[in-house]
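Trainee: I'd like a close look at one part of this protein, please. Take me into the middle of the fold and show me what sits around it.

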Amino acid sequence: MKIVNLIAFALMMTLSQGFAVDPVNKECSIKGKAVDGSKDASVDVSFCCKKCQAAFDKDPIAGLVKFAKAKDGKCPVSGRDVDAAVKSTVSVAGCCNGCKSKLAKDPKKHLAGLKK
């Protein structure tokens, strides 16, 4: 039984790596260097409605720049109050562990410099 569990776990881990979310950026928004995909931070962005979420999901880099400039609790697309149940999570990479930590700690401060 233990072997079956180990095989199932190994298979699950292998498959989950294939569904990993790639970072949306290729250049570090802090230092401007090429990113290291293993140095990524997840950023949660909330919206007022599904329509704004869909607009963000079409172009996440432009959406993250708007998110960085939006007031806390306001939708980065419309400027209205957010509904915490409507959100997207994107992966943003840095060039090093220091940038990854900065992005994770205060994403809004460091996302305005994102480039396509």
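Mentor: One term before we dive in: helices here are DSSP runs of H or I with at least four residues, strands are runs of E with at least two, and both are numbered from the N terminus. Also keep in mind that you're looking at a predicted model.

Let's get our bearings. The protein has five helices and two strands, and if you read along the sequence they come in the pattern α-β-α-α-β-α-α. Of its 116 residues, 32% count as buried. Now look at contacts between residues with a separation of 6 or more: 77% of those join residues 24 or more positions apart.

On to the nonpolar core. The largest one has 19 residues, and those with the most contacts inside it include Val43, Val45, Phe47 and Leu64. Val92, Leu111 and Leu114 belong to that well-connected group too. Who supplies the core? At least two residues each come from β1 (40–47), α2 (50–58), α3 (60–69) and β2 (83–93). The largest share, five residues, is from α3.

Zoom in on Val45, and leave out anything up to four places away in sequence. Val45 then touches Phe56, Leu64, Phe67 and Pro76, along with Val86, Lys87 and Ser88. You've already met one of these: Leu64 is on the list of residues with the most contacts inside the core.

Now slide over to Ser91, whose place is in strand β2. Ser91 counts as buried because its relative accessibility is 4%, and the cut-off for buried is under 20%. Its side chain isn't without a polar partner, though: it makes a polar contact with the side chain of Asp40, at 2.6 Å. Skip the residues up to four places away in sequence, and Ser91 touches Val21, Asp22, Pro23, Val24 and Asn25, plus Asp40 and Ala41. Notice that Asp40 turns up both as a polar partner and in that list of touching residues.

For contrast, hop to Ala104 in helix α4 (residues 97–105). Ala104 counts as exposed because its relative accessibility is 51%, where exposed means over 50%. Its C-alpha atom is separated by 9.1 Å from that of Val92, twelve residues apart along the chain. Val92, remember, is one of the residues with the most contacts inside the core.

Last, step back to the outside. The protein exposes about 7600 Å², and carbon and sulfur atoms supply 57% of that.

Terms used. Residues are numbered from 1 along each chain as its sequence is written. This is a predicted model: local features need pLDDT of at least 70, side-chain atom pairs count only at pLDDT 80 or more; totals for chains, interfaces and linings use all residues. Side-chain values use heavy atoms; hydrogens and water are left out. A nonpolar core is a set of buried Ala, Val, Leu, Ile, Met, Phe, Trp, Tyr and Cys residues joined through side-chain atoms within 4.5 Å. Buried means under 20% relative accessible area, exposed over 50%, partly exposed in between (1.4 Å probe, protein chains only). Contact means heavy atoms within 4.5 Å. A polar contact is a pair of N or O atoms within 3.5 Å; within protein, one must be able to donate a hydrogen and the other to accept it, and residues adjacent in sequence count only if both atoms are side-chain atoms. Accessible areas come from the Shrake-Rupley method with a 1.4 Å probe; for residues, only the protein chains shown count as cover.
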